[in-house]
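Subject: Structure handover

Hello,

Here is the structure you are taking over. My notes follow below it.

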Amino acid sequence: MLDKLTADESNLLKNYLSNRLKQRSIKRGLSIVYDITYFCNLCCKGCAVNAKKHKSTHISVDNLELTTEKVFTLLDKIKNHIDKNNIKSFFLNYGGGEPFLRSDFKEILKYSSKLFGKESVATDTNGTFVSVNDLLEIKDYVSYVGVSIDGLEYYHNNWRGRTDIDNPFQKSMNLITESLKYPELKNILEVSSVATKENISEIPILIKELNNLGVKAYSVHRTFPVGRMAKFTSIIPDTADYINLALIIAKANEDYEIDCHFHHSIESIYGTILLGWDTYIADQVVGNPDSRSSFGIDPTGNIYFDPWCMVKPWNQLIGGNILSKNFNFDYLTSGKGIGMLEIAKQYSLMQNRCDKCHLRCSGGSRIAASAFYLADLKRESLSDLLIGLSKIDPICPLYSKKN
Ligand SMILES: C[S@@+](CC[C@H](N)C(=O)[O-])C[C@H]1O[C@@H](n2cnc3c(N)ncnc32)[C@H](O)[C@@H]1O
């Protein structure tokens with residue numbers, strides 16, 4: 001399908017990818033998405049983690065999944081693992097649910113930055129009740145704050161589902177506009193959207209608006225039939241949609257100052273096909289052998305193969321609970337590994353997947369490959385799920401060519 005691009009389109013995409021390659025460090029360290037709570041004040045229709053709607057914008061400590069002390073213990077254990085293994089590159093991204101619902105979240109960010117350094121910590125928020133003062137308080141503890149805007153006003157508010165918040169789009173946009181008045185916040189603010197077939201046409205307008213406001217960074221997430229999104233398979237973008245989106249993003253980078261990018265799993269495939277990138281580093285990483293993939297930690301401290309695995313049936317790919325006495329990070333480490341994560345990794349290795357495609361590519365997303373496989377089968381046993389990890393990510397342009 002990439003071979004159907006015109007010469008101008010192909011050059012546009014190649015330029016974008018070359019610039020991204022300069023920005024993208026090949027991570028050989030450890031990357032974690034930590035969903036610190038599953039409570040959320042919104043109820044996004046396609047929430048990938050099935051976040052639980054919570055009426056207020058504050059959760060009392062008694063109702064939290066883990067106490068502050070337990071979160072600190074969990075973070076200490078990660079820090080010990082990093083120090084013991086001399087891991088040079090580490091990144092911890094907080095998600096949820098809505099992390100700021102936790103009244104102790106600022107403390108958690110402060111503690112995280114003390115342990116790992118501000119450059120290694122980030123958070124996402126829906127931005128509907130966080131104030132500029134909140135962001136000013138945490139600005140020294142994070143490398144970026146991601147605010148989710150999923151399209152223009154009507155689409156965004158509809159996607160947010162039934163909520164007690166009046167016009168969530170306006171609330172989040174107000175936070176963005178106010179934050180941009182502070183240079184120190186402007187530098188750490190990043191807006192992101194989940195792309196669906198229904199909002200891709202709005203994305204060029206959204207980018208233009210964000211650029212006019214002075215937003216410096218924008219990214220587009222990829223979605224799979226996981227969590228509540230599994231009910232909306234018909235609007236998950238396909239190969240042609242993603243190529244269209246890639247061209248939109250590449251063009252926006254040429255036209256505007258705002259730095260835009262799309263999902264690493266798609267960049268990796270396109271980069272390998274168009275520019276010969278090697279985005280596969282099985283020997284150095286644990287879990288999913290895409291150089292950009294992460295582990296997921298759920299609000300109770302369970303660690304998973306990938307951040308997409310925190311809901312059923314994906315939570316079968318569990319590596320244990322970090323807080324349990326017997327948990328040992330070494331069990332997750334490649335080579336020494338035992339247990340489910342090591343098994344899942346075996347199915348994800350280049351030689352075992354993608355119909356033995358020889359390209360040294362990340363393989364896109366192994367979870368995408370498996371999620372679409374399970375959706376077709378209408379089954380979700382552990383063995384189906386593992387076999388799915390070895391299938392082709394259906395947005396691979398080479399795969400589409402075969403069909
Ligand atoms: C689950 S949210 C949690 C943080 C916060 N509540 C927010 O809205 O950003 C974390 C990130 O996942 C993205 N996300 C949510 N559902 C998704 C889905 N079905 N597919 C892809 N990304 C999704 C959100 O856009 C957000 O950037």
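Two strands count as paired if DSSP finds at least two bridges between them. With that in mind, please note that this is a predicted model, and that the notes begin with its strands.

Strands

Strand β5 (residues 121–125) and strand β6 (residues 144–148) pair in the parallel sense, with four bridges. One position to look at is A122, whose bridge partner in β6 is Y144. Together with helix α4 (residues 132–138), β5 and β6 form a β-α-β unit, and that unit is right-handed.

On its other pairing, β6 runs parallel to strand β7 (residues 189–194), again over four bridges. Here S148 has S192 of β7 as its bridge partner.

Strand β4 has two pairings to report. With strand β1 (residues 30–37), β4 pairs in the parallel sense over seven bridges. T37 stands opposite G96 of β4 in that pairing. With β5, which runs parallel to it, β4 shares three bridges. Y94 has T123 in β5 as its bridge partner. Between these two strands the chain passes through α3, and the β-α-β crossover from β4 to β5 is right-handed.

How much of β4 is buried? Six of its seven residues are, so the strand is largely enclosed by the rest of the structure.

Aromatic rings

The structure contains 12 aromatic pairs. One of them is formed by F90 and F116, with 4.6 Å from centre to centre and 50 degrees between the planes, which makes it tilted. This pair connects distant parts of the chain: F90 belongs to strand β4 (residues 90–96) and F116 to helix α3 (residues 105–116), with the two positions 26 residues apart in numbering. F90 and F116 are both buried.

Is the pair of Y155 and W159 stacked or edge-to-face? The ring centres of Y155 and W159 are 5.9 Å apart and the planes are at 10 degrees; planes under 30 degrees apart count as stacked, so this pair is stacked. Both residues sit in helix α5 (residues 153–159), four residues apart, which is about one turn of the helix. Y155 and W159 are also both buried.

Ring pairs also join Y34, Y94, F100 and F105 into a cluster. Y94 therefore appears twice in these notes, as a member of that cluster and as the bridge partner of T123.

One charged side chain belongs under this heading too. K52 lies over the face of the F39 ring, 4.6 Å from the ring centre.

Ligand

The ligand is surrounded by 17 residues, and the closest are G46, G97, S148, H221 and T223. S148 is the residue of β6 that was named above as the bridge partner of S192.

Which ligand atoms do H221 and T223 approach? For H221, a polar side-chain atom lies 2.9 Å from an oxygen atom of the ligand. For T223, a polar side-chain atom lies 2.8 Å from a nitrogen atom of the ligand. T125 contributes through its backbone: one of its polar backbone atoms is 3.4 Å from an oxygen atom of the ligand.

Regards

Terms used:
Residues numbered from 1 in each chain as written. Predicted model: local features only at pLDDT ≥ 70, side-chain atom pairs only at ≥ 80, totals over all residues. Heavy atoms only, no water. Phe/Tyr/Trp six-rings, centres within 6.5 Å; stacked < 30°, edge-to-face > 60°. Buried < 20%, exposed > 50% of the residue type's maximum accessible area, 1.4 Å probe, protein only. Lys NZ or Arg CZ within 6 Å of the ring centre and 35° of its normal. Right-handed = clockwise from strand over helix to strand, strands pointing away. Near = heavy atom within 4 Å. Polar contact = N/O pair within 3.5 Å; in protein donor to acceptor, adjacent residues only side chain to side chain.
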